[in-house]
Amino acid sequence: MSQQPTFKQLEKAQQGDSFDWEAVKKQVKYDDNGLIPAIAQQFDSKEVLMMAWMNEAALQETLETGRVCYWSRSRQSYWRKGEESGQIQLLKDLRFDCDGDAILLLVDQTGPACHTGRKSCFYTAIHDHQAEILTNPIIDPEALYKK
């Protein structure tokens, strides 16, 4: 496609079509704080691991290095997954949703993704008005973060 593709134009594309990343990234929809939600999913098991935020620089670093980088809203700084715990995320594939306002990261997660020591942050399910804990930590959080 010769013009700058919009996500609306990408909707009409067919399997196998490709578009220049530099043109597509100008269409990514960040919120008013310059952030976009990013869902991390284990590439082989398809287990949803966590949700965090990326800004344009974190997205670019992730694509350049292959190691997932997020923007921490609480710390107001970059957060390279695993820099404290050693439990890193290696990028296998990065996808946008249909309108360019959410990212799906297919990753190879080393150990737990959650600060609680669980593989996934999504371990609380609601059934019959009860919150049920689905998994136990695989690593003690005290051992993960030795500060």
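Visitor: Before we get going, what makes two strands count as paired here?
Guide: Two strands pair if DSSP finds at least two bridges between them. Keep in mind that this is a predicted model.

Visitor: OK, so how many bridges join β1 to β6, and do they run parallel or antiparallel?
Guide: There are five bridges, and β1 and β6 run parallel. As one example, I39 has L104 in β6 as its bridge partner.

Visitor: And which way does β2 run against β1?
Guide: Antiparallel, with six bridges joining β1 to β2, residues 48–54. Across that pairing, A40 stands opposite M50 in β2.

Visitor: How many residues sit between β1 and β2 in the hairpin?
Guide: Five residues, and K46 in that turn has a positive phi of about 70°.

Visitor: Is β1 itself largely enclosed or open, and why?
Guide: Largely enclosed by the rest of the structure, because five of the seven residues in β1 (36–42) are buried.

Visitor: Switching topic: where does T116 sit?
Guide: T116 is in the loop between β6 (103–109) and β7 (124–127).

Visitor: Buried or exposed, that T116?
Guide: Buried: the relative accessible area of T116 is 13%, and the cut-off for buried is under 20%.

Visitor: Which residues does T116 touch further off in sequence?
Guide: Leaving out residues up to four places away in sequence, T116 touches Y123, P137, I139 and P141.

Visitor: What about polar contacts for the T116 side chain?
Guide: The side chains of T116 and R118 are joined by a polar contact of 3.3 Å.

Note on methods
Residues numbered from 1 in each chain as written. Predicted model: local features only at pLDDT ≥ 70, side-chain atom pairs only at ≥ 80, totals over all residues. Heavy atoms only, no water. Helix = DSSP H or I, 4+ residues; strand = E, 2+ residues; numbered from the N terminus. Buried < 20%, exposed > 50% of the residue type's maximum accessible area, 1.4 Å probe, protein only. Polar contact = N/O pair within 3.5 Å; in protein donor to acceptor, adjacent residues only side chain to side chain. Contact = heavy atoms within 4.5 Å.
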